[in-house]
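Open the model in a viewer and keep the sequence panel visible. The stops below go through it selection by selection.

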Amino acid sequence: MPKRAKKTAGEEDEEGEKLSGQELRALQERRDWEEKFHQEFAQFLSGVSEHPQMYAAPRLRYLRDFVSLAHRFPDVFRTEDGDDTITMPLSPGDRALEVTKGFVTSLAEMEVSPVDEPVLLVYATKPGYHNDTGLVRVDNPQAIKLTELRLCDGDGHQIHARLNNSLSEVGSILKRGDKIRLDLYTPLRYRINQSSPKMPALFIHRISRVGTQPLPDSEIREMLTCRRLYPREHLDNEVPDGSRFIIDPRRDASPVCNDSNRLCAAYGVRFLTCVCEAIPIAKLNLATIKSDCYFATDELESMTNSHKRNMIFWWYATNVYNIAGKGKIERLPMCLEYAVRKEYPNPDGVPYTGNRLQHKNTK
């Protein structure tokens with residue numbers, strides 16, 4: 001390792017004086033050494049990624065200790081914009097994962113969960129900012145970063161997808177031809193307005209990049225519209241009635257949300273089952289939602305149920321009911337309000353005021 005240069009400010013020192021030729025050579029020598037070190041270390045980590053069995057070697061305990069440290073303190077060892085957080089290490093045999101065929105067709109025919117972990121190709125990405133939904137009133141509403149995708153299955157059929165806002169930065173990583181495995185997703189259908197056809201779509205919770213594959217324009221086919229009709233076709237663009245009574249799980253029966261009366265079909269979005277079953281409240285990661293929700297400033301351990309409900313209402317409005325681009329979401333479906341209040345109730349004797357009137361840090 002070369003001797004460390006005394007100056008570190010380029011061609012001038014802290015007082016603005018020119019560095020001597022010897023100091024400049026020493027500085028450049030150190031920079032060259034650091035660049036070589038980083039390149040060699042990156043190659044080493046790439047080798048471990050390609051041969052995961054190396055990770056268990058006794059001499060790599062220092063690496064395992066550091067990875068454990070970073071995992072336990074994510075607020076200290078934070079990722080930055082553009083970091084690759086989705087590429088999955090694969091053994092040579094797994095790198096030939098084929099793109100799933102018939103996936104979009106099965107969704108268009110409204111079959112529930114046609115494939116557990118489908119592999120699709122990225123056709124296009126559209127990172128962007130959406131204005132806050134307006135569901136929860138705060139002093140300084142902010143734009144929310146969301147990423148939309150167009151994906152293709154093995155038949156070349158396209159499908160729209162929205163990434164959970166905790167994955168919003170993935171839009172700057174993914175590129176056309178990337179093969180991604182949908183580790184956790186929710187199928188749905190949506191339409192932009194009453195006259196537009198219903199189309200299948202995806203809300204993606206977790207993905208893994210598993211390789212790349214050419215995607216020529218000649219292999220891309222048109223989007224499919226939904227073919228199966230329900231007993232009673234709910235108007236998916238309806239807005240839940242904001243004047244209705246405030247439902248209280250401690251007093252009221254659970255609303256019936258089924259194929260013949262899909263209460264959660266609203267703002268152009270409809271799920272194959274009730275939204276409360278498709279994306280269960282109990283399985284939401286509140287810590288992740290808190291890290292993305294700009295007004296959730298209280299610590300999770302001390303957060304009131306009222307504040308947690310605000311945060312969850314914001315999450316569903318931002319991630320789910322904003323998919324069709326309906327703008328501000330003023331009220332969520334009654335079945336969802338009921339489920340959220342049942343999971344995070346008020347103390348006995350404290351009434352619900354309705355999420356439209358809730359404010360930041362409501363006690």
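## Cysteines first

Select cysteine 335 and cysteine 274: the sulfur of cysteine 335 has its closest cysteine sulfur in cysteine 274, at 3.8 Å, which is too far for a bond. The cut-off for a disulfide is 2.5 Å between the sulfur atoms. This is a predicted model, and the structure holds zero disulfides. Cysteine 335 counts as buried, at 5% relative accessibility. Add cysteine 293 to the selection; cysteine 293 is also buried, with a relative accessibility of 4%.

## The whole chain

Zoom out and colour by secondary structure. The chain has seven helices and six strands. Along the sequence the order is α-α-α-β-β-β-β-β-β-α-α-α-α. Of the 363 residues in the chain, 44% are buried. Now turn on contacts between residues at least 6 apart in sequence: 70% of them join residues at least 24 apart. With the surface shown, the chain exposes about 19800 Å², and carbon and sulfur atoms supply 49% of that area.

## Helix H7

Return to cysteine 335 and select the helix around it, H7 (334-343). How many of the 10 residues of H7 are buried? Eight of them are, leaving the helix mostly covered. The buried residues of H7 are Met334, Cys335, Leu336, Glu337, Tyr338, Ala339, Val340 and Arg341. Show H4 and H6 as well, since the buried residues of H7 pack against these two helices.

Next, pick leucine 336 alone. What does leucine 336 contact, once its neighbours within four places in sequence are left aside? Its partners are Val275, Cys276, Ile281, Tyr316 and Tyr321.

## The nonpolar cores

From leucine 336, widen the view to the largest nonpolar core, which has 40 residues. Select Val275, Trp315, Tyr316, Tyr321 and Leu336, the members that touch the most other members. The elements that each supply at least two residues to this core are strand E4 (178-190), strand E5 (199-212), strand E6 (269-271), helix H4 (275-278), helix H5 (286-292), helix H6 (305-319) and helix H7 (334-343). Helix H6 gives the most, with seven residues.

A second core, separate from this one, has 21 residues. To find it, select Val104, Leu120, Leu149 and Leu202, which are among its members.

## Salt bridges

Hide the nonpolar side chains and show the charged ones. There are 12 salt bridges in the whole structure. Three pairs and one network are visited here.

- **Arginine 162 and glutamate 148.** The closest N and O atoms of this salt bridge are 3.3 Å apart. Arginine 162 sits in strand E3 (residues 158-163) and glutamate 148 in strand E2 (residues 144-152), so that the pair links distant parts of the chain, 14 residues apart. Arginine 162 is buried, at 1% relative accessibility, whereas glutamate 148 is partly exposed, at 24%.
- **Lysine 175 and aspartate 178.** Here the closest N and O atoms are 3.4 Å apart. Lysine 175 is partly exposed, with a relative accessible area of 46%, and aspartate 178 is buried, at 0% relative accessibility.
- **Aspartate 248 and arginine 250.** These side chains meet in a salt bridge of 3.0 Å, N to O. Aspartate 248 counts as buried, at 10% relative accessibility, while arginine 250 is partly exposed, at 36%.
- **Glu117, Arg181 and Asp183.** Select these three together: salt bridges that share partners join them into one network.

## A nonpolar patch on the surface

For the last stop, bring the surface back and select Trp33, Phe37, Phe41, Leu45 and Tyr62. Together these residues make a nonpolar surface patch of about 460 Å². Which helix supplies the largest share of the nonpolar patch? Helix H1 (residues 21-50) does, with four residues.

Finish on phenylalanine 37, which lies in helix H1. Is phenylalanine 37 buried or partly exposed? Phenylalanine 37 is partly exposed, because its relative accessible area of 41% falls between the 20% and 50% cut-offs.

Technical notes
Residues numbered from 1 in each chain as written. Predicted model: local features only at pLDDT ≥ 70, side-chain atom pairs only at ≥ 80, totals over all residues. Heavy atoms only, no water. Core = buried A, V, L, I, M, F, W, Y, C linked by side-chain atoms within 4.5 Å. Buried < 20%, exposed > 50% of the residue type's maximum accessible area, 1.4 Å probe, protein only. Contact = heavy atoms within 4.5 Å. Salt bridge = Lys/Arg side-chain N within 4 Å of Asp/Glu carboxyl O. Patch = residues over 30% accessible without salt bridge, like charges linked within 9 Å, V, L, I, M, F, W, Y side chains within 5 Å. Areas by Shrake-Rupley, 256 points an atom, 1.4 Å probe, with all protein chains shown as cover.
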